[in-house]
Amino acid sequence: MQAPENNLIPVLIIGTLVVVVLITCLFFFVIIYQRKMIRNQVELRTLHDARQSDLMAAVFETQESERKRLAEDLHDSVGQVLSAIKLNLHRLDKNFGGDTNQPLLADTRKLTDECIQEIRNIIHNVLPPVLTDYGLLVAIEALGNKVEQSTHIKVKFSKNMADRRFAPDIEVTLYRIAQELFGNAIKHSDATVIHFAIKKEDDFMVLEFKDNGVGFNLGDVKQGFGIKNLESRVQLINGQISIYSKPSNGTLTTIKLKIV
């Protein structure tokens, strides 16, 4: 029995190296993708003129296409390879697992599981299935729940309209805006509570995002790219956005657009 166990060690080492190489490739793939997104976003800074709205729409559409392609590639290629590695590890454990090999097998399985979960998280962030399957209202509520579970921030979500579907460009744009608002609050606001309300007022849908964080002087950041990015996205769906903030008084962002 000693000989098979000795033969197993090189296999485990090679399997571990394959997992490490895949994780490294995934890391660089995501970095390259993020840099490409940044380059696309930088282009938006020169496209805020109303006469260039078609060009801005094209850039945003390109971003969404890239996100979709990234999610599909991760699911179809890297995800399947890692799943196969995980299956082979279980077979090795069943057929050759011994006391001396158990720690290495367990560590390799854990590393593979973590990598698979990280890929799932990336896919859900890039192209959330809940948005495509259930629509904007359910997706934003799920996003708020995820933020609450992964941070110290309490998210209070409310709505006064029944779940319904909107045009795909509206759903995707508003979801990306919600992601950006949550991301900004997590990184910069030091908030403990976020109120996110979606309301129907006559023929309009109104989104209100309010946090109890440190706030900021709007005049100091008015030309900042983050706000310009939000304004550009809202402009593309013919909506209106207002941002109110003061130091030590949190931030309120309101988005309003006409719905059929």
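Buried means under 20% relative accessible area, exposed over 50%, and partly exposed in between, with a 1.4 Å probe and protein chains only. This is a predicted model, where local features need pLDDT of at least 70, side-chain atom pairs count only at pLDDT 80 or more, and totals for chains, interfaces and linings use all residues. Residues are numbered from 1 along each chain as its sequence is written, and side-chain values use heavy atoms, with hydrogens and water left out.

**Exercise 1. Work out what percentage of the residues in the protein chain is buried, and list its secondary structure elements.**

Step 1: of the 260 residues in the protein chain, 38% are buried.
Step 2: go through the DSSP runs, numbered from the N terminus, with helices as H or I of at least four residues and strands as E of at least two. You end up with eight helices and five strands.
Step 3: read them off from the N terminus and you get α-α-α-α-α-β-α-β-β-α-α-β-β.

**Exercise 2. Lay out the sheet strand by strand.**

Step 1: call two strands paired if DSSP finds at least two bridges between them. That gives an open sheet of five strands in the order β1-β2-β3-β5-β4, with mixed pairing.
Step 2: look for the edges, which are β1 (154–159) and β4 (240–245), each pairing on one side only.
Step 3: check the angles, using lines fitted to C-alpha atoms (for helices over the stretch in contact) and a range of 0 to 180 degrees between N-to-C directions. With direction ignored, neighbouring strands are turned by 10 degrees against each other on average.
Step 4: zoom in on β5 (residues 251–258), which pairs with β4 in the antiparallel sense over six bridges. Tyrosine 244 has leucine 252 as its bridge partner in β5, while serine 245 has threonine 251.
Step 5: turn to β3, which pairs with β5 in the antiparallel sense over eight bridges; here valine 206 is partnered by lysine 256.
Step 6: inspect the hairpin of β4 and β5, with five residues between the strands, where serine 248 takes a positive phi near 70 degrees.

**Exercise 3. Find which strands helix α6 touches, then place histidine 188.**

Step 1: take contact as heavy atoms within 4.5 Å. Helix α6 (residues 168–189) packs on the sheet and touches β1, β2, β3 and β5.
Step 2: compare directions, and α6 makes about 15 degrees with β3.
Step 3: find histidine 188 in helix α6. Its relative accessible area is 57%, so histidine 188 counts as exposed.
Step 4: go C-alpha to C-alpha from histidine 188 to glycine 215: they are 8.7 Å apart in space and 27 residues apart in sequence.

**Exercise 4. Go through the salt bridges and sort their partners by exposure.**

Step 1: apply the cut-off, a side-chain nitrogen of Lys or Arg within 4 Å of a carboxyl oxygen of Asp or Glu. The structure holds seven salt bridges.
Step 2: start with glutamate 148 and lysine 154, at 3.6 Å, N to O. Glutamate 148 is partly exposed at 26% relative accessible area, and lysine 154 is partly exposed too, at 42%.
Step 3: take arginine 165 and glutamate 171, whose closest N and O atoms are 2.9 Å apart. Arginine 165 is partly exposed with 41%, whereas glutamate 171 is buried with 4%.
Step 4: finish with the network of salt bridges that links Lys199, Glu201 and Glu208.
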